[in-house]
Structure formats: C-alpha cells, structure tokens
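The following paragraphs lead the reader through one protein structure, moving from its helices to its sheet and then to individual residues. Please keep the sequence and the model in view while reading.

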Amino acid sequence: AHAAPALTTLNLSENAVEEREGWEALGEALQRGALPKITELKLHSCGMNGRGLAAFAGALHAHAAPALTTLNLSENAVEEREGWEALGEALQRGALPKITELKLHSCGMNGRGLAAFAGALHAHAAPAL
C-alpha cells in the first residue's frame, strides 16, 4: 500500500535530522513505494552528514523513486566519501531513473567525494541529467 500516493513534493529542509536511522528509513520508504509520484525531494539544510547520505542512498535500489526529477541536498555537511559513493552507486543501480536536477551546492563535497560521485556520472548512471 502506498502511504502517500498523490504526494509529488516532500520538503524536509531546515530540520535537524542528523541520525542515520532517519535517513535510512526515508530511503526504505521510497524503496517500498510509499511515495510513487514523488517528483521533488527537498533535503536542503537538514543536518545530513556522510553517514546519513550513505544510509539514505544505500536503501535505494532500482526504481526506488521512479518519478523523482529533483533532489536537493544543498547546505548539508556531507564531507565523508562514503555518502557520495553510496549516492553514485544508487544512481548506477537505477534508483532515480528520471532525475534531471541534483542540487549539491554547499554540501561539504571534497575532492575524494567528488571522485567517488563522478564515477557514477561517467558510467551514465543518470541518463536524464
């Protein structure tokens, strides 16, 4: 059963969700099909760190969010490489097949994180981007 079958935008911005369990639960909810029509996920400035991104992205498998076109992770402190690797791997698994916009400004990405994430882009994991 879909928890919110008509929801197209979810805005969790400017909350303090620093625990990885919360992010993992959101990823698992998407994977279970709780938000089948979600097109925009706003996670801007909400306390996500590398472990949180890794937990969220790690829970996403093929077609977890089939309608998602925009994902905003801006202004989070995702400095750990593991988070960017997990997001890249989720893209490679086809978790976000319609993604056209990834907002990653001021999110703590460093050179190692960019290298990890760029591998997914090189593999054409997000053809709509």
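**A walk through the predicted model**

Helix 3 and helix 4 pack with their axes 8 Å apart, at an angle of about 5°. Because angles under 35 degrees count as roughly parallel, helix 3 is described as roughly parallel to helix 4. On the side of helix 3, the contact is made by Arg-81, Trp-84, Glu-85, Leu-87, Gly-88, Leu-91 and Gln-92. Helix 4 contributes Arg-112, Gly-113, Ala-116, Phe-117, Gly-119 and Ala-120. The model is a predicted one, and every value given here is to be read in that light. The spacing of some of these contact residues may be read against a general property of helices. An α-helix has 3.6 residues a turn, so residues three or four places apart point the same way.

The sheet comes next. Four strands form an open sheet in the order 1-2-3-4, and their pairing is parallel. Strand 1 and strand 4 (101–103) stand at the edges; each has a single partner strand, so one side of each is left without a neighbour in the sheet. From one strand to the next, the twist averages 5°. Within the sheet, strand 2 (residues 40–42) and strand 3 (residues 70–72) run parallel and are joined by three bridges. In this pairing, Leu-41 stands opposite Leu-71 of strand 3. As a general matter, strands of a sheet pair through backbone hydrogen bonds, either parallel or antiparallel.

Which residues have the most contacts inside the largest nonpolar core? They are Leu-43, Leu-71 and Leu-96, in a core of 37 residues. Helix 1, helix 2 (50–58), helix 3 (81–92) and helix 4 (111–122) are the elements that give two or more residues to this core. The largest share, five residues, comes from helix 3. Leu-43 illustrates how such a residue is surrounded: beyond its neighbours up to four places away in sequence, Leu-43 touches Leu-12, Ser-13, Trp-23, Leu-26, Met-48, Leu-71, Asn-72, Leu-73, Ser-74 and Asn-76.

Helix 2 is mostly covered, with seven of its nine residues buried. These buried residues are Gly-50, Gly-52, Leu-53, Ala-54, Ala-55, Phe-56 and Ala-57. Helix 1, strand 2 and helix 3 are among the elements that cover them. At the start of helix 2, a side-chain oxygen of Asn-49 reaches to within 3.1 Å of the backbone nitrogen of Arg-51.

Two polar residues that touch Leu-43 deserve a closer look. Ser-13 is placed in the loop between strand 1 (9–11) and helix 1 (20–31). Is Ser-13 buried or exposed? Ser-13 has a relative accessible area of 17% and is therefore buried, since the limit for that class is under 20%. The side chain of Ser-13 makes a polar contact of 2.8 Å with the side chain of Asn-11. Apart from neighbours within four places in sequence, Ser-13 is in contact with Lys-42, Leu-43, His-44, Ser-45 and Cys-46.

The other residue, Asn-72, lies in strand 3. Asn-72 is buried, with a relative accessible area of 13%. A polar atom of the Asn-72 side chain lies 2.9 Å from the backbone nitrogen of Ser-74. When neighbours within four places in sequence are set aside, the contacts of Asn-72 are with Leu-41, Lys-42, Leu-43, His-44 and Lys-103.

The backbone of two loop residues also merits attention. Most residues other than glycine have a negative phi. Glu-75, in the loop between strand 3 and helix 3, has a positive phi of about 60° although it is not a glycine. Glu-75 is partly exposed, with a relative accessible area of 39%. Ser-106, in the loop between strand 4 and helix 4, likewise is not a glycine and has a positive phi, of about 50°. Ser-106 counts as exposed, at 53% relative accessibility.

A last loop residue is Ile-99, which lies between helix 3 and strand 4. At 0% relative accessibility, Ile-99 counts as buried. The C-alpha atom of Ile-99 is separated by 13 Å from that of Gly-88, 11 residues away along the chain. Gly-88 is one of the helix 3 residues in the contact with helix 4, which returns the reader to the helix pair at the start of this account.

Note on methods. Residues numbered from 1 in each chain as written. Predicted model: local features only at pLDDT ≥ 70, side-chain atom pairs only at ≥ 80, totals over all residues. Heavy atoms only, no water. Buried < 20%, exposed > 50% of the residue type's maximum accessible area, 1.4 Å probe, protein only. Polar contact = N/O pair within 3.5 Å; in protein donor to acceptor, adjacent residues only side chain to side chain. Contact = heavy atoms within 4.5 Å. Core = buried A, V, L, I, M, F, W, Y, C linked by side-chain atoms within 4.5 Å. Pairing = 2+ DSSP bridges. Axes fitted to C-alpha atoms, helices over the stretch in contact; angles between N-to-C directions. Parallel < 35°, antiparallel > 145°, perpendicular 65-115°, else oblique.
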